[in-house]
Amino acid sequence: MASLDLEGFDSFLKDLSLLDFDRIAPDMIKAGAPILEENIRRRSSDHEDSGDMAKSIKPTKIKKYGASGYRLTVRPTGQDEKGVRNMEKMCYLEYGTVHQGATPVLSPAVEESEEPVAEAMWDVFHEKTKELQI
């Protein structure tokens, strides 16, 4: 039978229990949101007529969702002068219509944002936890 001895694991678990995730998580999310917002806005501007949709892209407020954690959404808001919702325009771009092929904006923006957002979030995590030396 195999056995595994981990030294320092109890100390690590104790340090983790000291973390105030309700304080740290929103700051981590705030650090990543501008990166995603900029990438979505930049990719949207390639398809603009008036620029209203790209200008309307912004993050929602950070919300806590029970035990699943915190989140925010970066999306187009509002509508244009004709009453067409900007999110509707984004969906037309992303998935296409009967008359227009799909030209994805969100998918590539999310993909290219993944690494820099994670790095920004890790930077905040490390800054907030450096005194614990995790």
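In what order do the elements of the chain run from the N terminus on? The order is α-α-α-β-β-β-β-α-α. This is a predicted model. In total, the chain holds five helices and four strands.

**Overall figures**
- The chain has 134 residues, and 28% of them are buried.
- Its accessible surface comes to about 9500 Å². Carbon and sulfur atoms account for 53% of that surface.
- Take the contacts with a separation of 6 or more: 52% of them join residues 24 or more positions apart.

**Nonpolar cores**
- In soluble globular proteins, nonpolar side chains tend to be buried together.
- The largest nonpolar core here has eight residues. Its members are Ile40, Met53, Ile57, Val74, Met90, Leu93, Val105 and Ala109.
- A second core is separate from it and has five residues. Among them are Leu19, Met28, Val124 and Phe125.
- Val74, a member of the largest core, is in contact with Ala33, Leu36, Glu37, Ile40, Ile57, Lys58 and Pro59, leaving aside neighbours within four places in sequence.

**Helix 2: Glu37 and Lys30**
- Glu37 lies in helix 2. Its relative accessibility is 17%, under the 20% cut-off, so Glu37 counts as buried.
- Beyond residues up to four places away in sequence, Glu37 touches Ile57, Lys58, Pro59 and Val74. Of these contacts, Ile57 and Val74 belong to the largest nonpolar core.
- Lys30 is also found in helix 2. At 52% relative accessibility, Lys30 counts as exposed because the cut-off is over 50%.
- Lys30 and Arg71 are 41 residues apart along the chain. Their C-alpha atoms are separated by 9.7 Å.
- Arg71 lies over the face of Tyr65, at 3.6 Å from the ring centre.

**Helix 4 and its end**
- Helix 4 spans residues 86–95. Its buried residues are Asn86, Lys89, Met90, Leu93 and Glu94.
- Seen down the helix axis, these buried residues fall within an arc of 135°, so they line one face of helix 4.
- The cover over them includes helix 2 (21–45), helix 3 (52–55) and helix 5.
- Met90 and Leu93 also belong to the largest nonpolar core.
- Is Tyr95, in helix 4, buried or exposed? Tyr95 has a relative accessible area of 66%, over the 50% cut-off, so it is exposed.
- Tyr95 and Val105 are 10 residues apart along the chain, with 9.4 Å between their C-alpha atoms.
- Gly96 comes just after helix 4 and takes a positive phi of about 80°.

**Aromatic pair in helix 5**
- How many aromatic pairs does the count come to? The count is one.
- Trp122 and Phe125 form this pair, which is edge-to-face. The ring centres lie 5.4 Å apart, with 90° between the planes.
- Both residues lie in helix 5 (residues 106–129). They are three residues apart, about one turn of the helix.
- An α-helix has 3.6 residues a turn, so residues three or four places apart point the same way.
- Phe125 has 13% relative accessibility, under the 20% cut-off, so Phe125 counts as buried. Phe125 is also one of the residues of the second core.

Note on methods: Residues are numbered from 1 along each chain as its sequence is written. This is a predicted model: local features need pLDDT of at least 70, side-chain atom pairs count only at pLDDT 80 or more; totals for chains, interfaces and linings use all residues. Side-chain values use heavy atoms; hydrogens and water are left out. Rings of Phe, Tyr and Trp (its six-membered ring) pair if their centres lie within 6.5 Å; planes under 30 degrees apart count as stacked, over 60 as edge-to-face and the rest as tilted. Helices (H or I, at least four residues) and strands (E, at least two) are DSSP runs, numbered from the N terminus. Buried means under 20% relative accessible area, exposed over 50%, partly exposed in between (1.4 Å probe, protein chains only). A charge sits over a ring if NZ of Lys or CZ of Arg is within 6 Å of the ring centre and within 35 degrees of the ring normal. A nonpolar core is a set of buried Ala, Val, Leu, Ile, Met, Phe, Trp, Tyr and Cys residues joined through side-chain atoms within 4.5 Å. Contact means heavy atoms within 4.5 Å. Accessible areas come from the Shrake-Rupley method with a 1.4 Å probe; for residues, only the protein chains shown count as cover. The arc is that of the directions from the helix axis to the C-beta atoms.
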